Amino acid sequence: MVLLVVMLCFQSGIAQTVVVPADKKAKASPLLFNDAAVKDGENIYNKNCVSCHGNPTKANYQKSMSPIPGDPAEEKFQKNSDGELFYKIGVGNAVMPMFKNILSEEERWKLVGYIRSFNKSYKQPPLEVVVVNLLSKTVKLAISYNEKSHQIAITAKGKIKNDTVPLKGSEIVLYAKRYFGRLQIETVKQTNQQGTVLFAFPKDLPGDKVGNIELIAKINDELFGEVSVSKTLKIGIPTDKPSLTEKRAIWNVNAKAPIWILLTYTIGVLVVLSFLIYIIFSIIKIKKVSKKNN
Amino acid sequence: MSKKESFDKMTTDILRSVRLTNLSFKIWMGFITVSFLICIYAYTIQLREGLGVAGIRDYVSWGMYISNFVFFVATSLIGMLISAVLGLSGIKWAAPLARIAEIIALAFAMVAGLVIVSDMGRPERLAYVFIYGRIQSPILWDVTVVTTYVAISALLLYLPLIPDLKICYDRLENIPKLQRNIYKWLSLDWSGSPEQIKIVRRSVRILLILIIPVAMGIHTVTSWLFAATTRTGWDSTIFGPYFVSGAFVSGCAAVIIAMFVYRKTYHLDKYITEFHFDKMGRLLVLVSLVYLYFNLNEYLVPGYKMKKFDHFHLMELFSGRFALLFWGTQLLGLVIPLILLLFKKIRRPLPMLVIAIFVLAGAWLKRLLIVVPTMENPYLPIQNVPLNFKFYTPTLIETAITLASIFLVLIIITVLSKVVPIIPIQEIELDEHESESV
């Protein structure tokens with residue numbers, strides 16, 4: 001862990017300021033930054049950003065990090081255009097992770113909205129007519145598995161009007177669903193000319209009882225926006241571990257308590273109780289003796 | 001003076017407290033009753049508004065209430081030490097103190113259960129502990145042993161009392177009829193036949209043996225409520241004996257205070273003598289030494305290793321937020337009393353009263369020091385919460401509810417010692433009789 005932090009620090013030393021392409025810079029939010037969006041943005045911020053950037057306006061960011069994260073309410077942040085902020089959140093910088101594959105576009109725009117809520121002089125430009133969402137519904141992702149090469153092939157095709165075209169150079173990320181969260185398979189890859197991308201799938205990933213693993217593929221295309229598709233394939237190692245609550249155990253319910261606890265407790269209580277009952281009888285006996293004597 | 005006369009004199013002396021009700025008793029009784037009722041009003045607020053009126057929050061969820069519970073269970077252990085351990089070892093000087101110790105034990109053990117209820121947000125769900133309780137949980141064991149201990153203590157108070165209740169019935173003719181009838185009924189028309197004496201002796205003996213494991217159990221299980229977790233400051237293998245030895249310290253202090261008060265108010269100088277104080281002082285030194293030894297182990301060993309999480313916790317105690325309380329409690333409540341009591345001149349009633357008050361207060365605060373700092377220092381960092389979640393500060397209502405339990409103990413002790421002779425008459429008489437005939 002320490003090593004990782006040290007490495008990250010060194011890495012950040014050579015980090016450059018993020019250069020934002022002109023078209024990205026000019027990009028405006030398709031979302032209206034209303035109260036609901038800002039509120040959502042705040043929740044996303046508190047989950048993903050607060051640990052380094054601190055609470056906006058409080059300047060309680062991690063001052064020991066390099067580059068210094070800074071407070072999003074600061075001038076340094078606010079002088080960025082909406083598009084710049086959106087882009088920078090997406091690509092990250094040195095120690096700041098890339099959020100493109102962690103947060104959806106909508107979530108990232110909400111974050112921008114939240115950051116803007118600390119800038120009183122900010123006015124959101126009028127919304128453009130959004131066609132992206134309508135188009136995105138026509139994207140198709142096909143997931144297939146090659147048993148010999150242990151590869152997952154994902155083919156992305158988009159439909160514009162009546163033409164179906166392969167999506168070239170789109171970024172695709174593949175996850176395998178686990179108990180908690182998702183496991184990313186390899187790195188983010190770009191589709192080739194045929195709109196296909198290949199991921200080498202690990203041979204030793206445990207699946208459920210029959211070896212099923214749920215795969216989630218996510219595409220983030222300039223034109224079509226963000227789409228994700230899931231598919232369950234029998235490509236994992238069948239794993240049938242007994243549930244931790246199946247056998248008698250300390251942590252289990254009362255009916256599945258370990259025998260030794262049941263015995264110790266019951267015998268202990270019964271022994272003490274039998275003595276107490278004996279004493280009660282002795283008291284009754286004293287009374288009887290008194291009656292006899294009087 | 002013949003034997004009969006001296007027995008008569010002794011009975012009259014000891015029964016004086018039951019026979020006469022003076023003004024100071026009425027004032028004291030009135031004071032504790034009114035105080036208790038005021039504090040009970042605080043509890044009605046908590047019942048209506050919820051546990052939020054107390055200073056306990058998500059992280060420090062065991063504050064003053066549970067510390068007080070541990071203190072009560074601890075103090076109640078003295079009944080076992082004086083009646084059983086000393087009694088069975090044939091130590092005669094402790095016999096006149098046995099009833100005082102039993103009354104203290106019963107009162108503290110009874111109220112200890114109620115203290116737990118005061119820590120519950122929904123006390124009407126108390127029965128769920130039994131209905132849905134898990135046998136694996138130390139909480140269920142604790143409920144079991146506390147109840148058993150109350151039952152045994154009550155029997156151990158009652159059985160040797162039977163002959164004395166008969167004496168009360170015979171001698172106290174001017175008391176209200178109802179009270180006299182209760183004496184008659186409770187004395188089981190004791191006739192003092194050898195057979196009855198035999199039954200009582202055998203029963204008491206069984207109880208004395210039985211109470212030792214149960215009393216060890218009650219406080220060991222209370223310590224397991226803490227030690228069965230992996231938390232810093234509680235994750236210790238010596239918590240059982242550490243708690244039991246600490247219990248004897250606070251119990252001895254409570255008995256010394258009670259001895260002083262009874263001796264003064266009921267004029268029992270002849271029966272609770274300086275000799276008894278001297279002996280109790282020595283006993284307190286002994287148990288304090290044992291407790292000091294456990295303290296040394298409990299703090300020195302982790303303090304030497306200073307493991308990552310222990311480090312923060314221990315530094316909070318040694319030199320941080322709790323340093324004043326920690327060193328104050330250890331020095332004024334344990335080390336200095338222990339040293340002072342080594343001197344014979346100090347082992348006299350008044351100095352011992354002062355020392356016992358310090359020891360008892362120290363014992364109470366020590367429980368707070370065991371409970372609170374650990375809860376303020378969890379393994380997972382406390383994040384995004386208001387300041388009063390991070391640092392525990394007891395509220396006025398919480399303090400009043402805790403005081404209510406203390407007043408209730410005082411009421412029980414006062415009432416019990418008012419209605420029964422606090423020195424076992426028959427037992428002392430029989431003992432003297434037997435030692436003469438040997």
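**Figure 1. No salt bridges link domain 1 and domain 2 of chain A.** In this predicted model, the rule finds 0 salt bridges across the interface of domain 1 of chain A and domain 2 of chain A. Polar contacts are absent there as well: the count is 0 residue pairs, with both residues required to be at pLDDT 80 or more. By class, the side of domain 1 that touches domain 2 has 4 charged, 2 polar and 1 nonpolar residues.

**Figure 2. Chain A is divided into two stretches, domain 1 and domain 2.** Domain 1 covers residues 2-116. Domain 2 covers residues 132-233. Their contact draws 7 residues from domain 1 of chain A and 9 residues from domain 2 of chain A.

**Figure 3. A:Lys100, A:Asn101 and A:Glu105 at the domain interface.** Interface size is often expressed as the accessible area lost when parts come together. Between domain 1 and domain 2 of chain A, the buried area is about 630 Å². Carbon and sulfur atoms give 26% of that area. On the domain 1 side, A:Lys100, A:Asn101 and A:Glu105 supply 70% of the area buried against domain 2 of chain A. No other three residues of domain 1 supply as much.

**Figure 4. The interface of chain A and chain B.** Here 29 residues of chain A are in contact with 29 residues of chain B. The two chains bury about 2500 Å² between them. Carbon and sulfur atoms give 69% of this area. Which three residues supply more than any other three of the area that chain A buries against chain B? They are A:Tyr265, A:Ile279 and A:Ile286, with 24%.

**Figure 5. A salt bridge between A:Lys292 and B:Glu195.** The closest N and O atoms of A:Lys292 and B:Glu195 are 3.9 Å apart. The count between chain A and chain B is 2 salt bridges. Polar contacts also join the chains, with 16 residue pairs, both residues at pLDDT 80 or more. By class, the chain A side that touches chain B has 19 nonpolar, 6 polar and 4 charged residues.

**Figure 6. The largest cavity is lined by residues of chain B.** Rolling a probe the size of a water molecule over the atoms shows where empty space is left. The structure holds 2 cavities of 30 Å³ or more. About 70 Å³ of space lies in the largest cavity. Its lining includes B:Gly246, B:Val249, B:Tyr291 and B:Thr329. Also among the lining residues are B:Gln330, B:Gly333, B:Leu334 and B:Val359. B:Gly362, B:Ala363, B:Lys366 and B:Arg367 line the largest cavity too.

Methods. Residues are numbered from 1 along each chain as its sequence is written. Chains are lettered from A and ligands numbered from 1 in the order in which they are written. This is a predicted model: local features need pLDDT of at least 70, side-chain atom pairs count only at pLDDT 80 or more; totals for chains, interfaces and linings use all residues. Side-chain values use heavy atoms; hydrogens and water are left out. Contact means heavy atoms within 4.5 Å. Buried area is the accessible area (1.4 Å probe) that two parts lose on being put together, summed over both. A salt bridge is a side-chain nitrogen of Lys or Arg within 4 Å of a carboxyl oxygen of Asp or Glu. A polar contact is a pair of N or O atoms within 3.5 Å; within protein, one must be able to donate a hydrogen and the other to accept it, and residues adjacent in sequence count only if both atoms are side-chain atoms. Ala, Val, Leu, Ile, Met, Phe, Trp, Tyr, Cys and Pro count as nonpolar, Asp, Glu, Lys and Arg as charged, and the others, Gly among them, as polar. Domain bounds come from an automatic or database domain assignment. On a 1 Å grid over the protein atoms alone, a cavity is a set of points where a 1.4 Å probe fits but cannot get out, and a pocket is an open set with protein on both sides within 12 Å along at least five of seven lines; lining residues have an atom within 4 Å of a point. Grid points are joined across faces, edges and corners, and a volume is the space filled by probe spheres set on the points.
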